[in-house]
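Thank you all for making the time this morning. I would like to walk through one structure with you, slowly, and build up the picture piece by piece.

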Amino acid sequence: MGDTAVDFFLENLKQLRTSSNLDFTIDEKLQLQSLEEEIKYLREFLKITEKKRNEHSEVMKLVMQIRDVVSEAENIVELFVVLVIKADHICL
């Protein structure tokens with residue numbers, strides 16, 4: 001997952017959180033908002049370190065770990081949405 005993919009996931013989280021097609025509880029919306037804020041912090045780190053990645057192997061390792069965590073979060077959110085859709089019998 002590259003930096004563009006992180007940006008795309010952030011946009012998807014925002015759209016998901018504000019969607020009127022899905023019936024999230026208040027707690028679920030707050031959790032999505034919290035995740036969005038955490039990913040924004042990670043995205044800022046990715047921007048700051050963009051030029052240093054090739055100079056420092058430790059920075060590149062951390063960047064790869066961030067990408068992996070964001071990718072895993074994206075998979076979990078997608079699974080969660082599928083479960084919400086199945087529970088509510090929503091046809092999108």
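Let me start with a question you can try on the screen: in which sense, left-handed or right-handed, does α1 pass α3? While you look, please keep in mind that this is a predicted model, and I will speak about it in that spirit. The answer is that α1 passes α3 in a left-handed crossing.

Now let me step back to the whole chain. Its secondary structure comes to three helices and zero strands, and, read along the sequence, the pattern is α-α-α. The C-alpha trace spans about 50 × 20 × 15 Å along its principal axes. Of the 92 residues in the chain, 28% are buried. If we take the contacts with a separation of 6 or more, 62% of them are made by residues 24 or more positions apart.

Let us turn to the first helix, α1, which covers residues 3–18. With its 16 residues it reaches 23 Å from the first C-alpha to the last, which is close to the 22 Å expected at 1.5 Å a residue. The buried residues here are Asp3, Val6, Phe9, Leu10, Leu13 and Leu16. Seen down the axis of α1, these buried residues fall within an arc of 135°, so they line one face of the helix. On the other side of α1 we find Thr4, Phe8 and Thr18, which are exposed. As for what covers the buried residues of α1, the cover includes α2, residues 26–48, and α3, residues 57–88.

That brings me to how the helices are arranged in pairs. Two packed helices are described by the angle between their axes and the distance between the axes. For α1 and α2, the angle is about 160° and the axes are 10 Å apart, and that makes α1 roughly antiparallel to α2. The crossing of α1 and α2 is left-handed. Among the α1 residues in this interface are Val6, Phe9, Leu10 and Lys14, and the α2 residues that the α1 side meets include Lys29, Leu35, Glu36 and Arg43.

The second pair is α2 and α3, whose axes come within 11 Å and cross at roughly 160°; α2 and α3 are therefore roughly antiparallel to each other. This crossing of α2 and α3 is left-handed. On the α2 side, Glu28, Leu32, Leu35, Ile39, Leu42, Phe45 and Leu46 meet Leu62, Val63, Ile66, Val70, Ala73, Val77 and Phe80 of α3.

The third pair takes us back to my opening question. The axes of α1 and α3 come within 11 Å and cross at roughly 30°, and α1 and α3 are therefore roughly parallel to each other. In this interface Asp3, Val6, Phe9, Leu13 and Leu16 of α1 meet Arg67, Val70, Ala73, Glu74, Val77 and Val81 of α3.

A few words on α3 itself. Its 32 residues should span 46 Å at 1.5 Å a residue, and its end C-alpha atoms are 47 Å apart, which agrees. The buried residues of α3 include several valines, among them Val59, Val63 and Val84, but also Arg67 and Glu74. These buried residues pack against α1 and α2.

I would like to finish with two individual positions. What does leucine 32, in helix α2, touch once we leave aside its neighbours within four places in sequence? Leucine 32 is in contact with Leu13, Leu16, Arg17, Phe24 and Val77. Leucine 32 is buried, with a relative accessible area of 5%, and the cut-off for that word is under 20%. Its C-alpha atom is separated by 8.2 Å from that of lysine 14, 18 residues apart along the chain.

The other position is aspartate 23, which lies in the loop between α1 and α2. Is aspartate 23 buried or exposed? Aspartate 23 is exposed, because its relative accessible area is 57% and the cut-off for exposed is over 50%. Aspartate 23 and alanine 87 are 64 residues apart in sequence, and from C-alpha to C-alpha they are 9.9 Å apart in space.

I am happy to stop there and take your questions.

Note on methods
Residues are numbered from 1 along each chain as its sequence is written. This is a predicted model: local features need pLDDT of at least 70, side-chain atom pairs count only at pLDDT 80 or more; totals for chains, interfaces and linings use all residues. Side-chain values use heavy atoms; hydrogens and water are left out. Helices (H or I, at least four residues) and strands (E, at least two) are DSSP runs, numbered from the N terminus. The expected span of a helix is 1.5 Å times one less than its number of residues. Buried means under 20% relative accessible area, exposed over 50%, partly exposed in between (1.4 Å probe, protein chains only). The arc is that of the directions from the helix axis to the C-beta atoms. Contact means heavy atoms within 4.5 Å. Axes are lines fitted to C-alpha atoms, for helices over the stretch in contact, and angles run from 0 to 180 degrees between N-to-C directions. Angles under 35 degrees count as roughly parallel, over 145 as roughly antiparallel, 65 to 115 as roughly perpendicular and the rest as oblique. A crossing is left-handed if the near helix is turned anticlockwise from the far one by less than a right angle, and right-handed if clockwise.
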